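Student: I have a model open and would like to test the words we use for it against their definitions. Could you go through them with me?

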Amino acid sequence: MHLYELPLWFALVGLALYTVLGGADFGAGFWQLVAGRGKQADEIRDEAHHAMAPVWEANHVWLIFVLTVVWTAYPAAFGSIASTLSIPLFIAGVGIVMRGGAYALRGGTRTAGEQRRVDTIFALSSVLTPFALGTVIGAIASERVHLGNPGGSLVTSWLNPTSIAIGVLAVASGAYTSAVFLSGDATRRGDRVLADRFRVRAIAAGVVAGAVAIAALIVLHFDAERIFRRLTQGPGLPALVASVIAGIATLALVWRRRYEPARYLAAVAVAATIVGWALAQNPVFLQGLTIREAAAGHDTLVAVVVAIVVGALLLFPSLALLFRLTLGGELRDSGQGSVETSVESRRRGLVNVRLDARLSVAFLVAGIGFLTVANAGWAHAIGVACFFGFILSGFRAALPPGIVDAD
Amino acid sequence: MTHLAAIVAALGPGEQKYLSQARQMQALSFAVHIPLVAFGIAFPAMILFVESRYLRTGDELYRTLARRWSRILAALFAAGVVTGTILSFELGLLWPNFTGTFGSVFGLGFAIEGFSFFMEAIFIGIYIYGWNRLSPRAHFASGIPIAIAGFTGSLTVISVNGWMNHPTHFRFSDGRVFDVNPWGALFGNSYFWHELVHMYLAGYMVAGFVLASAYGFGRLRGRWARYERTALAIPLAVATLASVAQVFIGDWNGREVATNQPTKLAAFEGLGKTTKGAPVHIVGWYTEGHVEYGIPLPHLLSLLAFHSTDATVQGLDAVPPADRPPVNVVRYAFQTMVGIGTGLALLSVVYLATRIRRRRLPESTWFYRALVAAGPLSVVALIAGWVTTEVGRQPWVVYQVMRTSEALTGADVIPVGYATLALVYLALAAGVAWVLLRLSRTPV
């Protein structure tokens, strides 16, 4: 593996995770959209909301990660993609705003009717966004983007057979993984009836997603011959086979109500399609531009790799914690305190307000001296520190324990 | 590498038809996002302070307050996530030649910011949904990464802005970059620390005054129990102290601009000609090289910028007209920021004096009326401050290296996008306002 392709592999890992996790979120929105009316529909929408609410933000950051890595490490390619595919990217962006809006607004709803309105108005974005992002992948895969501003047609680059097929596939696979996940979540909460409803949806969506995937391959055969060849005969084949096997195995597990392993296999099935595409696409980035040609300079690539590795050391343990708590159902708000608060009443003695006030004035004077009167850089650094000292000691003076309470 | 020259040349600037719409669309997106950033910077720390008081005293009031605030934080953070996503899209959608040409220099800042964003999103999920599920100490601990990430996130984003204003650590010729040192460009830049401190304090001012103004409004309506007094005193303490410090931090910012971006400073003050012993004008209107109808304060600009009443301050005439920013926009944004900032600092001194010397909260109704105004005004000052520095950088997107017009997309669909985004943001703003109103009336 070369340095110039390393950041792209990281971006692809991010894209695969976004497709699985973000896809599951959009899938949950899809089921909210088609839930209909009535008590059963309310239960479906509630489950879809509550299972996703603690994790949706983290799931969406993967997209930001992909964007930032690509524009740092492959700037010219990013610029060409962004300007050529500005319409689908913009639609996806608006869709994400609406999806986030639904989560923000649901916090203020009081009745089932209000929740239904919020869910359905905003859930349309759950179809629009994955479709639009799928068309972007289709545009790149069928080599309809070349270098330039814009580098290709603003319309046919993403409204073409390959793009539409991959867009539909993105919606269907999101609905599928989401239904599998929600079946498992409902089972874990002991709601067998709801789990069975999602099970039916998972099986139906799985069959549809499989059919769409086959149709997409046929479309690729006619519309994106290079990718098709490399996917069915070349380096992409193992990933394609893995995806097919994982997809069928997931269906079998869902059929037997074994949701826990099904959840992971569904993720593998979706992620494998991304890997397959990447292997088939390599070494071409855009039409007439290889990954090597698109890569930034050596120092930037090293910097990106270092930043990602260090960031990942922080990120993955944190994500593991979040998912352990979420998948274990520990973040589901039960509406009442289930933890006995075991706090000790350790009142700090009333601090001397006057001392803190004097200290803060001293910091202020020193800060003005170092920052405003003096001109050297080191003096400014001390000055800034003094101002923070001013704020902290002033805060203690303005808010000593018990003062507000005693009013 | 030989291909790269052809590549970047091929990317090139787009048509200029929609430059002003693109800039307005970008400005709208920032104006919506930046107040949310202010809350991202300051609100987690305030909530954690309240929760720490609960851990210390076991007083349920603090727990209730922290919980209610954390619900507000959740709604604001959701809006911040999605509006921030829009911004990252727009860097490519509106300015592909900027990202395409300089992505390898500044992009790293956003890549690191992405991780801050991740940590915020992950721990907000745990914190908000963990109130009843985690032990009190574990719950408090889960909030700490949110506060840290709020700071590191703004640090990396502002490092990019600092680089755009003071681009270093690369060579640029024939439309492509050479010898890029991304770490140096972002963090080895002397011209960004003042901006970071300025924005960090602004975050505390905005979050503090907006919260305090809501409870101040409640007091005018007669809601003034111990809960409301506590909820007012904490953010107000932070905001008022930050306001006093901001006077001096702002002055430092002005001096940095005077040294590094003299044309921008000249636009702040409407200084047409290079002047020895330059004055400051309050209000008035810049036209044909000077400020008309303004109130002059002789020598003050020289004194503020260079600590000498006779110092020479470079005027707008030092650069050709095509290289000057739109003076009146910058100047009025600057005057708005400074005017509101001064007013908030005066209000702060009144508050702190009453609070610390008399050990009580102010009792005058006028104080609370002013406080109600202070919340929205602090948001106006925040946006005016960003207009000052961003419009003040024009016509450059990368100062004296690339013009904003050269960065523009060639995809001529901007007006439709602009209109759509404006409508969506209007709906989002209405929605968030509705939620906040609901939350303010819903007991935990």
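Student: What makes the radius of gyration of chain B agree with a compact globule?

Tutor: Gladly. This is a predicted model, in which local features need pLDDT of at least 70 and side-chain atom pairs count only at pLDDT 80 or more, while totals for chains, interfaces and linings use all residues. Residues are numbered from 1 along each chain as its sequence is written, chains are lettered from A and ligands numbered from 1 in the order in which they are written, and side-chain values use heavy atoms, with hydrogens and water left out. Now the rule: the radius of gyration is taken over C-alpha atoms, and a globule is expected at 2.2 Å times the number of residues to the power 0.38. For 444 residues that gives a value near 22 Å, and chain B has 23 Å, so the two agree. The C-alpha atoms of chain B fill a box of roughly 65 × 55 × 40 Å along the principal axes.

Student: How many helices and strands does chain B have?

Tutor: Chain B has 14 helices and ten strands. Both are DSSP runs numbered from the N terminus: helices are H or I with at least four residues, strands are E with at least two.

Student: What share of chain B is buried, and what share of its contacts is between residues 24 or more positions apart?

Tutor: Buried residues make up 62% of the 444 in chain B. The word means under 20% relative accessible area, with exposed over 50% and partly exposed in between (1.4 Å probe, protein chains only). As for contacts, meaning heavy atoms within 4.5 Å, residues 24 or more positions apart account for 78% of those in chain B with a separation of 6 or more.

Student: What makes Arg99(A) and Asp25(A) a salt bridge?

Tutor: The term asks for a side-chain nitrogen of Lys or Arg within 4 Å of a carboxyl oxygen of Asp or Glu. Their N to O distance is 3.1 Å, and the pair meets in a salt bridge. Arg99(A) lies in helix H5 (residues 86-106) and Asp25(A) in helix H1 (residues 6-33) of chain A, so the bridge ties together parts 74 residues apart in sequence. Both residues are buried. Over all chains, the structure holds 20 salt bridges.

Student: Why is Glu47(A) called buried, and is its partner Arg189(A) buried or partly exposed?

Tutor: The relative accessibility of Glu47(A) is 1%, so Glu47(A) counts as buried. Arg189(A), at 37%, is partly exposed. Their salt bridge has an N to O distance of 2.4 Å. This pair links distant parts of the chain, 142 residues apart: Glu47(A) is in helix H2 (residues 39-52) of chain A and Arg189(A) in the loop between helix H7 (161-188) and helix H8 (192-223).

Student: What separates Glu260(A) and Arg263(A) along their helix?

Tutor: About one helical turn, because Glu260(A) and Arg263(A) are three residues apart in helix H11 (residues 259-281) of chain A. Their side chains meet in a salt bridge at 3.0 Å, N to O. Glu260(A) is partly exposed at 42%, whereas Arg263(A) at 12% counts as buried. Elsewhere, salt bridges that share partners join Lys39(A), Glu43(A) and Arg197(A) into one network.

Student: Which peptide bonds are cis, and what is omega in each?

Tutor: A cis bond joins Asn149(A) and Pro150(A), with omega about -5°, and another joins Asn282(A) and Pro283(A), with omega about 0°. Pro283(A) is in the loop between H11 and strand S1 (284-286) of chain A.

Student: Why is the phi of His299(B) worth a remark?

Tutor: Most residues other than glycine have a negative phi, and most peptide bonds are trans. His299(B) is not a glycine, but has a positive phi of about 65°. Its place is the loop between strand S7 (295-297) and helix H10 (300-306) of chain B. With a relative accessible area of 34%, His299(B) is partly exposed.

Student: How do you know that Glu90(B) has no salt bridge?

Tutor: The nearest side chain of opposite charge, Arg393(B), is 12 Å away, and Glu90(B) is buried without a salt bridge. For charges, Lys and Arg count as positive and Asp and Glu as negative; His and the chain ends are not counted. Glu90(B) is in helix H3 (residues 60-93) of chain B. Beyond its neighbours within four places in sequence, Glu90(B) is in contact with Met25(B), Gln26(B), Ser29(B), Trp95(B) and Leu421(B).
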